[in-house]
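Ready for a bit of practice with helices? Grab a pencil and take a look at the picture first.

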Amino acid sequence: MQTITSKDKDGSVPELIVEKQAHSLLRTFIALRHRNFRLFWFGQMISLIGTWMQSIGQAWLVLTLTHSAWLLGVVGALQFLPVMFLSLFGGVLADRLPKRKVLLFTQSSAMIQAILLWALVATGHVQIWHVLVLASLLGLTNSIDMPTRQAFVSEMVGREDLPNAIALNSSLFNMARVLGPGLGGLIIAWLGVAPLFLLNAISFIAVIVGLALIDMKSLHGISYLRGKQLDRPKQNTWQSLREGLTYVKRTPAVFLVIAVVGVVSLFGINFNVMLPLFATDVLHSGAAGFGFLSAAFGLGSLFSALWIAWGNNKPSIRFMLLGALAFGVLEILFALSPIYLLSLVLIASVGFAQIALSAVANTTIQTIAPNHLRGRVMSVYMMVFAGSVPLGNLFAGGLAHLYGAPVSLLIGAGLALTAAIVGWIKRASAEKDLATNLD
């Protein structure tokens with residue numbers, strides 16, 4: 001990369017060098033040149049902060065109502081279990097209907113759920129069963145929303161800018177993960193928990209307006225998709241589902257990515273359970289230490305997402321597997337570390353490696369998957385990536401209860417590392433498949 005090393009005779013920096021450096025920095029956000037993605041991205045920026053604020057508020061509400069850690073876990077599970085069991089059907093729906101309309105429905109539904117929760121809390125009528133029911137409904141909504149939202153990205157930006165767009169979405173998620181809980185905690189201390197649910201409901205307006213303003217004529221692959229649907233015999237839901245699963249099974253690159261990500265997610269990505277235990281029982285840093293560990297993980301993830309967005313490189317099976325290998329090794333080192341400052345560095349590095357793995361995996365699958373199958377393929381990916389969270393948390397929590405947090409994390413990280421090593425050994429056919437699709 002060219003750097004500024006000299007000046008013109010009048011002392012000014014050469015305009016060409018400045019222009020090249022500006023272009024180099026701006027390429028981090030190159031996917032935003034697409035108006036549709038720009039509308040979607042800025043709407044998500046506001047909405048995701050609201051989502052994380054509600055997450056903090058909901059956890060605080062459950063503890064206030066019940067003082068039960070078990071019920072706190074139940075509420076969390078209810079939001080993820082539908083993704084595990086129903087996201088495949090969400091993918092079928094995403095391939096059959098215009099994705100923008102599906103997202104308008106899911107985002108509006110989530111907004112209504114937030115309004116209901118705010119009204120119940122603000123009027124003092126909220127009970128734990130209300131929270132359980134609304135958490136279940138939100139999980140049902142997410143089982144449709146998540147695969148649809150992921151598959152919609154490629155339609156907004158096309159194949160060329162897809163890696164950058166996915167990385168920018170990851171950066172949004174992690175930025176919200178850093179800002180949302182902090183703002184939520186301040187608001188709880190100042191005004192109580194009710195405003196968090198109202199603010200989250202209001203935040204959905206931004207993404208709904210953005211979706212409403214999207215120009216359907218500028219979307220990529222829509223004409224091809226419509227033609228494909230007209231040429232194909234009509235399928236029922238089970239036939240559509242089987243077609244998507246068969247494609248995943250028979251496509252080496254997609255199968256390898258989903259298998260590796262599935263094992264890593266199930267056994268390695270369980271920080272919601274692990275970090276509080278490490279902060280209190282291992283590093284003896286208390287609530288403040290837990291907050292800094294969480295922030296370090298989020299910052300590492302954010303820097304990784306921005307770095308990948310800046311590169312905007314073509315997907316690579318080798319790079320994805322290197323990310324998985326680094327994730328496993330770094331997580332093992334974190335599990336063994338008794339030093340708080342070292343643990344901060346390691347957990348930030350784990351966050352960096354996790355996004356390097358997941359962003360490239362997401363890009364690889366969306367690049368390979370044909371337009372008419374993308375929703376179903378992404379539903380399988382989201383099922384193993386997000387849907388495995390409840391099972392992974394139960395696995396990690398059970399081991400931590402029996403043997404302690406370090407042993408639990410070591411076992412999970414070891415299994416994740418094993419999956420990465422097996423994937424590395426078996427990568428040849430997947431790399432060949434990806435190269436064929438990129439030609």
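Here are three short exercises on this predicted model, each with a worked solution.

**Exercise 1.** Work out how helix 10 and helix 13 are arranged relative to each other.

*Solution.*
- Start with the axes: helix 10 covers residues 252–267, helix 13 covers residues 317–336, and their axes come within 11 Å and cross at roughly 10 degrees.
- Angles under 35 degrees count as roughly parallel, so helix 10 is roughly parallel to helix 13.
- As for handedness, the crossing of helix 10 and helix 13 is left-handed.
- Now look at who touches whom: A253, L256, V257, V260 and V264 in helix 10 meet I317, M320, L321, A324 and F327 in helix 13.
- Sort the residues of that contact and you get 10 nonpolar, no polar and no charged.

**Exercise 2.** Do the job again for helix 9 and helix 10: which way do they cross?

*Solution.*
- The axis of helix 9 (residues 237–250) comes within 5 Å of the axis of helix 10, and the two cross at roughly 90 degrees.
- The range 65 to 115 degrees counts as roughly perpendicular, so helix 9 is roughly perpendicular to helix 10.
- Helix 9 brings Y247, V248, K249 and R250 to the contact, while helix 10 brings P252, V254, F255 and I258.
- Sorted by type, the residues here are six nonpolar, no polar and two charged.

**Exercise 3.** Is T251 buried or exposed?

*Solution.*
- Find T251 in the loop between helix 9 and helix 10.
- Its relative accessible area is 8%, and buried means under 20%, so T251 is buried.
- Check its surroundings: a polar atom of the T251 side chain lies 2.6 Å from the backbone oxygen of Y247.
- Leaving out residues up to four places away in sequence, T251 touches I368 and D433.

Methods:
Residues are numbered from 1 along each chain as its sequence is written. This is a predicted model: local features need pLDDT of at least 70, side-chain atom pairs count only at pLDDT 80 or more; totals for chains, interfaces and linings use all residues. Side-chain values use heavy atoms; hydrogens and water are left out. Axes are lines fitted to C-alpha atoms, for helices over the stretch in contact, and angles run from 0 to 180 degrees between N-to-C directions. Helices (H or I, at least four residues) and strands (E, at least two) are DSSP runs, numbered from the N terminus. Angles under 35 degrees count as roughly parallel, over 145 as roughly antiparallel, 65 to 115 as roughly perpendicular and the rest as oblique. A crossing is left-handed if the near helix is turned anticlockwise from the far one by less than a right angle, and right-handed if clockwise. Contact means heavy atoms within 4.5 Å. Ala, Val, Leu, Ile, Met, Phe, Trp, Tyr, Cys and Pro count as nonpolar, Asp, Glu, Lys and Arg as charged, and the others, Gly among them, as polar. Buried means under 20% relative accessible area, exposed over 50%, partly exposed in between (1.4 Å probe, protein chains only). A polar contact is a pair of N or O atoms within 3.5 Å; within protein, one must be able to donate a hydrogen and the other to accept it, and residues adjacent in sequence count only if both atoms are side-chain atoms.
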